Structures are given as C-alpha cells and as structure tokens.
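Please open the structure in your viewer and keep the selection tool at hand. The tour proceeds by successive selections, each with a short account of what is found there.

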Amino acid sequence: MTRNFPRGRELKIEGKFLMARTMGIWMKVLVLFVVLNGIFLLCQYRYGFALGWVTVPIQDFAGAVTGFTLSPEGFELIIRLDAAGLVFACAQTFDQVLRVLLFAALGLVLLSPLKLGVFRHLWLGFQGENPSFGTVFQWYKRPALFVKSIALELMVGVGCYVLSLILVAPGSILSLMLYSGTLNIDTTSGLFDMVSLLAIGLNVLGGLIAFYLLCTLYPLYYCLAAQPDYSLGQVIQKGLLSTRGYRKEFFLFRLSFLPWYIFSRISFGTLELYVLPYLTLSTYLFLQAVAVDRQEQEGGSLSQTPGWEEEPQESEWEDQTSPPDWED
C-alpha cells in the first residue's frame, strides 16, 4: 500500500457526499428492499416463522433437568444454567420447523435478486449512470441473473452465517458447561471468572474470524452487480481479486462500520435506508482506491476500477445503460 492510499475516514466522508449526490438514483429501489425486508422480519417474529426460545428464572422451574427430548411431534431442549439462576428452553414442533424453513426459502427467493438490484443501482450511481426504476426487475425476469443472485446469497450470506455459528460454538459450549455446572467450578472462585473470560474471548475471536471471511467474500456481490453477465466463476475470481493484498485493510475498514450494523439490527432494518448506501458507496470508493494504488505500485496505467476488467463477449442486459467498462 502506497503513501497516497486514502484513510478510511476520508473514504467514509466522501461516501456520504456521494450518497447525497446520487440519492435520486437508488432511493426508490432501496425503499422497496427495506419495506419487503421489514415485512419478512415482522412475519418472522410476529407470526411464528422463526425458531424461538425462552429463558426463565430457575426458581420457576426448579425441577427442570438439562436434556434433549425427541417426540413424533417435535423436540424439546432444556438447559439449566444454575450459576446464572436461569433455565434455557426451546420447544418446537416439526410442522413449525418446516414452516420456518419454507418461509426462509421464500425470503431467499424474493429478496436476493432485489438485494443485487440495489447494489446495481448504487454502482450505476457511483459510475454516473441514471437507470430507470424498472431495471431492478431484470434480476427476476432473466433466469440467469435470478439463479446467480440466489446462488451467491447461499454461498456468501447463508454460508458465512452457518460458518459463524461453527466458529462461535467453542466459546458458547464452554459458557454453557460453565454456567450449567458441568465443569463443577465454584462460582465465587477466581477460576470461574477466568474460564468465563476465556469463553467470551473465544466467542469474540470466532466472531472476528467469521467477519473477516465475510469481508473477503462480500466483494462478490459488488462484482456481480457491476457485471451482471459474468458467470459465477468469473464473479468469484474477479471478486476475490479486488481485495487481494489489501484484505487486512478492507477488514478494518468494514469493521469500522460495526456500530451501524448493530443500530440497523436494533431498528429491524429501517436504518438500512442510511446504512446500506453509506456502506456500499464507501466500499466502492475503497475498492477504487485499491485499484489505483495497485497500479501505482506496479507502474502501469492507472485504473479506476476494482480489477473486474474483462467484459463478457455478449451482454444480454436489457437496460438502456450497458454494464460499465472496467478497463485498464
């Protein structure tokens, strides 16, 4: 990285100005995405389309025993956390689990193409284009785009979520063993505090590793949004190339948006109206800076694009504005 590489704070300030200048281009599409996403979240938690659990004071269920029970109708999981004075309980029927899975699949099918449509509009605004609102529906009308958007979401979104659960599992299991009394450690001892801190540390470490992997794969969304006619193989190759050699800087840059991630979750996605364009446009600026910095180091001609230069042989994109040329 050269001395001229901009600092994250500078890119974020420029991203805010860019967001204000291009708001008219992507706002309608983003509002549609936020509203639909909000409806899905509401249905998940209001109408039972999410797997739920409860924690209750242990004195209310003094006879509860830690265990997993399977029946023809469903299952029940109970964990006594004696050290915390709580009982964790999760009881679900198989019919409810099936409804949750079907609803999740419906959300994947409806929201994944729209998510790429939002990124596409943001990219075209970043490039100075002004697409019509109707172009977002090309991600539904064209089978190739529809399939690629869902496949990418399964690989990046769902895949990283499952991986994050695996990575935080050691710390979570250690916490459960500690607070359930399985380790038989006195709650007033210093060893209890040390093991508790170790469990927290493992959870934080697992979360950071998962977030690093997500940051490594997330440019694939932007690559497909910028070049809709790329094959999935090209998207993976070019997307990973765009941050090669700068992944630590990219991870720290994305990590600086962590408070906004949290606020967005707390607001049930309504803050995405601000967070998503702010984060995405700032990231486009970061990837552009990477391309320029890489060319300066190699001594070649300057490129203003993140390394996705090869244009497909034939584009079927039906918008009036063709995909941008990312040439050296």
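Select Arg80 to begin: its bridge partner is Val87, a residue of β4. The coordinates displayed are those of a predicted model.

Extend the selection to the whole of β3 (74–81) and β4 (86–93). These two strands pair in the antiparallel sense, over eight bridges.

Next, add β1 (54–57) and β2 (67–70), the edge strands, each of which pairs on one side only. With these in view, the selection shows an open sheet of four strands, in the order β1-β4-β3-β2 and with antiparallel pairing. Viewed along the sheet, the twist from one strand to the next averages 20°.

Now select residues 94–126, which form helix α2. This helix lies across β2, β3 and β4, and its direction makes an angle of about 80° with β4.

Finally, turn to the second largest pocket, which holds about 300 Å³ of space. Which residues are the closest to its centre? Select Trp53, Leu77, Ile79, Phe88 and Leu176: of the 14 residues that line the pocket, these are the closest to the centre. Then display β3 (74–81), β4 (86–93) and α4 (143–179), the elements that give two or more residues to the lining of this pocket. Strands β3 and β4, already selected for their eight bridges, thus return here as contributors to the lining. Colour the lining of the second largest pocket by residue class to finish: eleven residues are nonpolar and three are polar, while no charged residue is present.

Terms used: Residues numbered from 1 in each chain as written. Predicted model: local features only at pLDDT ≥ 70, side-chain atom pairs only at ≥ 80, totals over all residues. Heavy atoms only, no water. 1 Å grid on protein atoms, 1.4 Å probe; cavity = no way out; pocket = protein on both sides within 12 Å on 5 of 7 lines; lining within 4 Å. Points joined across faces, edges and corners; volume = space filled by probe spheres on them. Nonpolar A, V, L, I, M, F, W, Y, C, P; charged D, E, K, R; others polar. Pairing = 2+ DSSP bridges. Axes fitted to C-alpha atoms, helices over the stretch in contact; angles between N-to-C directions. Contact = heavy atoms within 4.5 Å.
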